[in-house]
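Please open the structure in your viewer and keep the selection panel at hand. The tour below goes from stop to stop, saying at each one what to select and what is there.

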Amino acid sequence: MMLLLSIVFFGLVNLAPGGPLAGYGRARRIPAAEIARLKSQLGLDKPVAVQYVVWLVGNDWMQVDTDSNGVADDRGTRRGILRGDFGYSFRNRKPVLEEIWARLPNTMLLTGVTLFVALALAIPIGVVSALRQYSKFDITVTTFAFAGQALPDFWLGLILIIVFYVWLRNPITGGPLLPSGGIYTIGAPFSISDRLAHLAMPVAAGALGWLAWYSRFLRSSMLDVIHQDYLRTARAKGLPERLVLFRHAMRNALIPLVTILGLDLPYLVSGAVFIEMIFAWPGMGLLYYQAALQRDYPVLMALLVLGAGFIIVSNLLADIVYAVLDPRIHYT
Amino acid sequence: MSSDVPAGWATTVSPAIHEPSGVAQLVWVRFQRHPGARAGVVVFLILVIAVLLAPLSPYDPEISSLEQQLESPSWSHPMGTDALGRDLLTRILYGGRISLMVGVLVVGITLTIGVTVGALAGYWGGLVDSVLMRITDAALALPSLLVLVLLGAILRDIDLPLLKQNSVVTIALVIGILSWMTFARLVRASILTLRELDFVTAARAVGASPERIVLRHILPNAVGPITVEATLELGYAIIEESGLSFLGFGIQPPTPSWGNLLSNAQENFLRYPWLAIFPGVMIFLTIISVNYIGDGLRDSFDPYRVLKQAGEL
């Protein structure tokens, strides 16, 4: 499957008009000879199939023409993505993996906190609104959840900036209440409060939609569970209500949540493209956005492949966890 | 069953069983009773009419007017003007045409691909099924937003006759190609359940062709979930278009779309917040009304779901 996808990605990029060097030509005026030299240096003068093989498994096992004189003279240096070599960024000539590695923790921090906030609020909200179905609380929450799902996160981000950066002022310093972007104040010493202030808006913008979705999801899966016979049995044998709800009902209601979480995780991460762009958060989403702007194909390809891999792994993980949590499921 | 059963249900259900048009009527009756769906339809219709009436605006959506840059909302410009002095309301209405058009096209494209793939896989089974489902799985493993951005970035500079620089059709195709999989799975699943039922066997016994069985006997029975999914898809498509245009890889200015209006607003929105507020409100209203309509349809096609949620079943 990954192999199929890698061919699709590679084909897409190479069928693009002007090929991978289109970005170069646009950025600066480069003489044709220079382009030809660059092409041969990057191996772009070879047939697409050869390029694909080189990209996949490298060229250090075959003779290549390293000084562009038409004669193969040495072994190549590329090791291919299967051995962890994603090549060099067109933009700054750094290894792609190094670029990604530098930004991975930032994205993990942002999406981790976002998911944590969304779930920490959604679970109690969903459970309570299921238990008090059609109460005022339930109706309010359900309406808000519906609205929350219809709010595009990129717009919410802009609105938050208007409110918390432009309109509201910090009562002590008179400056903006919350910073509009970045991870920390440049030049300031490390402080938790500074980090949290920078996290507040991106997390709020990113979490609202997920909060809405998970609270709705949990409400309906809780509703499914509380009308089951085994809850009546648990009550009938005299278990205290607290135990019935937490031990018997909630545990079962959370199982489908785990599955859906595995399916959602990739969207959560790729949704970071918007949030990171609006809040200048130097993570993988912003890297992808900049790479797309500049047609930095090695970076784009690497992130696409990693993204597809991530989807497959998290779906698989969701299946496994589901089977572990729910003894009724058997794989034969 | 007790008082939660919608009034009129028990009385209409018996004639409906015999007559297919009765089922449609029944769904319609239930749909009308759904408060969210009603509000959704009203809001959505107002939006559509407003967007259709866009040419009545005294302003041009694309011609700039340098004397009227960045004006605050006023009587003559209810939503203010943008950095090039264009009336924002006019641009939002024209942008709405583009955004809704992309949405409708995407629904058409995803339905066509999805239903075809799902019907082929479900009815013929065997090798056809495994090949088509492998392709569907692969498409589902695509990081869709990233691929969307990549395609948008590549096609932005391309100038083919049909795929002219991210036109409405291009963007709709790109979004559609990445989101037909739900329909394919849905249709396949319903065919797998339905084709074993007696009425299909009966149809086969009297010599109906496979095409006829699928089109006349199976698909009509799957129309409920497909309609619901299509409604929701309209919402997703509009969000995806605006997201893509917001990043700059969708509909290209000066043609307005709700997404690129927001994107353009980014330069000036700190001082002129209305530039960012109004286009987003339009997206929000559209999506929420479409979602309520979808929700209403779902409940109307499947009344047992409502009862189950109410704890009656």
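The bend at a residue is the angle between two axes, one fitted to the seven residues ending there and the other to the seven residues starting there. Please keep in mind throughout that you are looking at a predicted model.

**Stop 1: two helices with a kink**

Begin with chain A, whose secondary structure comes to 13 helices and two strands, and select α8(A), residues 192-226. Turn the view until you can follow the helix from end to end, and look for a kink of about 35 degrees, which is centred on A:Ala207. A straight helix of 35 residues would span 51 Å at 1.5 Å a residue, whereas the end C-alpha atoms of α8(A) span only 42 Å.

Now select α5(A), residues 96-131, where a kink of about 35 degrees lies at A:Arg103, shortly before the proline A:Pro105. For this helix of 36 residues the expected span at 1.5 Å a residue is 52 Å, and its end C-alpha atoms are 50 Å apart, so the two values agree.

**Stop 2: two loop residues of chain A**

Go on to A:Tyr134, which you will find in the loop between α5 and α6 of chain A. This residue is not a glycine, and yet it has a positive phi of about 65 degrees. Is A:Tyr134 buried or exposed? It counts as exposed, because A:Tyr134 has 11 C-beta neighbours inside 10 Å, and 12 or fewer is the cut-off for that class.

Next select A:Ala280, in the loop between α11 and α12 of chain A. Here too phi is positive in a residue other than glycine, with a value near 45 degrees, but A:Ala280 counts as partly exposed because it has 14 C-beta neighbours inside 10 Å.

**Stop 3: a residue in helix α10 of chain A**

Select A:Thr259, which lies in helix α10 of chain A and is partly exposed, with 16 other C-beta atoms within 10 Å. If residues up to four places away in sequence are left out, A:Thr259 touches A:Ala318 and A:Tyr322. For a distance to try in the viewer, take the C-alpha atoms of A:Thr259 and A:Gly307, which are 48 residues apart along the chain and separated by 19 Å.

**Stop 4: where the chains meet**

Show both chains now, and colour the residues that take part in the contact between them, 37 from chain A and 34 from chain B. On the side of chain A that touches chain B, several helices each supply at least two residues, among them α1, α6, α7 and α8, while α13(A) gives the most, with seven residues. What kinds of residue make up the side of chain A that touches chain B? They divide into 31 nonpolar, five polar and one charged.

To see one place where the chains touch, select B:Pro273, in the loop between α12 and α13 of chain B. B:Pro273 counts as partly exposed, with 19 C-beta neighbours inside 10 Å, and it touches A:Ile162 and A:Val166, again not counting residues up to four places away in sequence.

**Stop 5: the largest nonpolar core**

The largest nonpolar core has 146 residues, and those with the most contacts inside it are A:Tyr288, A:Leu300, B:Val149 and B:Leu150. Helix α4 of chain B, residues 88-124, gives the most to this core, with 16 residues. Select A:Tyr288 and, leaving aside its neighbours within four places in sequence, look for the residues it is in contact with, which are A:Val273, A:Leu300, A:Leu303, B:Leu146 and B:Val149.

**Stop 6: a helix with two faces**

Move to helix α10 of chain B, residues 210-218, where B:Ile213, B:Val214 and B:Ile218 are buried. Look down the axis of α10(B): its buried residues fall within an arc of 95 degrees, so they line one face of the helix. The face turned away from the buried side of α10(B) carries the exposed residues B:Glu211, B:Leu215 and B:Arg216. What covers the buried residues of α10(B) includes α4, α8 and α9 of chain B.

**Last stop: a cis peptide bond**

Finish at B:Pro254, in the loop between α11 and α12 of chain B. The peptide bond from B:Pro253 to B:Pro254 is cis, with omega near 10 degrees.

Notes:
Residues numbered from 1 in each chain as written. Chains lettered and ligands numbered in written order. Predicted model: local features only at pLDDT ≥ 70, side-chain atom pairs only at ≥ 80, totals over all residues. Contact = placed C-beta atoms within 7 Å. Helix = DSSP H or I, 4+ residues; strand = E, 2+ residues; numbered from the N terminus. Nonpolar A, V, L, I, M, F, W, Y, C, P; charged D, E, K, R; others polar. Buried ≥ 20, exposed ≤ 12 C-beta atoms within 10 Å, placed from the backbone. Core = buried A, V, L, I, M, F, W, Y, C linked by C-beta atoms within 7 Å. Arc of directions from axis to C-beta. Expected span 1.5 Å × (residues − 1).
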